[in-house]
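Colleague: Can you walk me through reading this fold? I'd like the general idea each time, then the case at hand.

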Amino acid sequence: MLRRHAGEQPSHVLVLATLGAPQRRLLRRRRARRVAPEPPATPVSVTRVTIVDTQALDGEVEARRWLESADHAALADEAIARLNRVLHAHRIATADPGPRDVTRREALVARIGFGAGEEVAEGRHTAALALPPVDPGRGRRLASLRPQERLAALLGGRDAALACEELALRARADMRAGRSREAALTLRVALEAALSELAPWSDHGDLAERLTELRADREAVAAAANRALDGGLDPAEEASVDRVLGRLEAALRARTAGGFA
C-alpha cells in the first residue's frame, strides 16, 4: 500500500512478481562446476511491476472510455515515478545503494489497463493497451554515437571521468524523482567540483564563459542547499536548482564537444 502520510487512505497498491525465476534448489550449489566450451545462454528472470490506482471507475463502460482517452505516456511516467519512490525507500531502509532508479526506456513492455481487484493484483486485466517503445527521435544519429565515442575514450585512457560528472548525474536523478532537497545538496558539491575540474579545459570553445556563469550561480546554489538542510524547497528554489544543474550539464557537454584524440 502506498500512502503519502500515515493514517491516509492508500492512493495506490504496488504488486511485484518475479517471472521465470530458477528453482531455489538450483541456487544452493556450494562449489564451482564444469561447463561446456560453449555454454548455452542462462535464462534470466523478469520482474513485473503493477501499480494499481485505488480510485475505482464507475463500471466497465466508463473504464473503457477512460482507457481510450487517457494520456497513456503521462500515466506511464507517473507509474515510473512511483516505482522510483519505492526504490528510493528501499535504498534507505536497507542502507544499500544498489537498487537504482529506472526509466521507461528500460522496460521490456509497458501497459495501461483496467480490471477487477484480483485480476490486477495478479498482473492480469479486463482490457489493456501496450505502449510503443520510447522513441529517442529521428535525425539524432550523431548524438547517439557520441556516448559510444566517449566510452571508447574513457576505456582507452584518452579521457578521464570527472567527479563532477557523477555528482551531476546523481543530482539530475534526484530532480527527476522529485527529491529536490537531495538534488540541491548534491548540486552544491557538484558545482564546486566542476569549477575546479573543468578549469584545465577553459580554452575549449565557450567553456570559459560557461564557467564564469557557473561561478555567478554559487550563491544561489548555496542558498538552495542551506534551505534543503532546514526543510523543503519552494518552487522558485527548485527552479533555480534545475536551471543551474542544466547549465552545469551544458558545460560538461561543451568539454567533450570537440571529440577525442
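Colleague: What pattern does the protein chain follow along the sequence?

Modeller: Keep in mind that this is a predicted model. Read from start to end, the protein chain goes β-β-α-α-β-α-β-α-α-α-α-α-α. That comes to 9 helices and 4 strands.

Colleague: Is the protein chain a compact globule or more spread out than one?

Modeller: Set the radius of gyration against the globule rule. For 261 residues the rule gives 18 Å, while the protein chain has 23 Å, well over that, so it is more spread out than a compact globule. Its C-alpha trace spans about 60 × 60 × 40 Å along the principal axes.

Colleague: What percentage of the 261 residues is buried?

Modeller: Buried means under 20% relative accessible area. Here 28% of the residues make that cut. The protein chain exposes about 18,000 Å², with carbon and sulfur atoms supplying 53% of it.

Colleague: And the contacts: what share joins residues at least 24 apart?

Modeller: Taking contacts between residues at least 6 apart in sequence, 67% join residues at least 24 apart.

Colleague: How far apart are the mean positions of the positive and negative charges?

Modeller: They sit 9 Å apart, with 41 positive and 37 negative charges in the protein chain.

Colleague: Which backbone angle should I look at for A95?

Modeller: Phi. Most residues other than glycine have a negative one. A95 isn't a glycine, yet its phi is positive, about 55°.

Colleague: Where is A95, between which elements?

Modeller: A95 lies in the loop between α2 (72-94) and β3 (111-114). Its relative accessibility is 71%, so A95 counts as exposed, the cut-off being over 50%.

Technical notes:
Residues are numbered from 1 along each chain as its sequence is written. This is a predicted model: local features need pLDDT of at least 70, side-chain atom pairs count only at pLDDT 80 or more; totals for chains, interfaces and linings use all residues. Side-chain values use heavy atoms; hydrogens and water are left out. Helices (H or I, at least four residues) and strands (E, at least two) are DSSP runs, numbered from the N terminus. The radius of gyration is taken over C-alpha atoms; the globule rule is 2.2 Å times the number of residues to the power 0.38. Buried means under 20% relative accessible area, exposed over 50%, partly exposed in between (1.4 Å probe, protein chains only). Contact means heavy atoms within 4.5 Å. Accessible areas come from the Shrake-Rupley method with a 1.4 Å probe; for residues, only the protein chains shown count as cover. Lys and Arg count as positive and Asp and Glu as negative; His and the chain ends are not counted. The place of a charge is taken as NZ of Lys, CZ of Arg, CG of Asp or CD of Glu.
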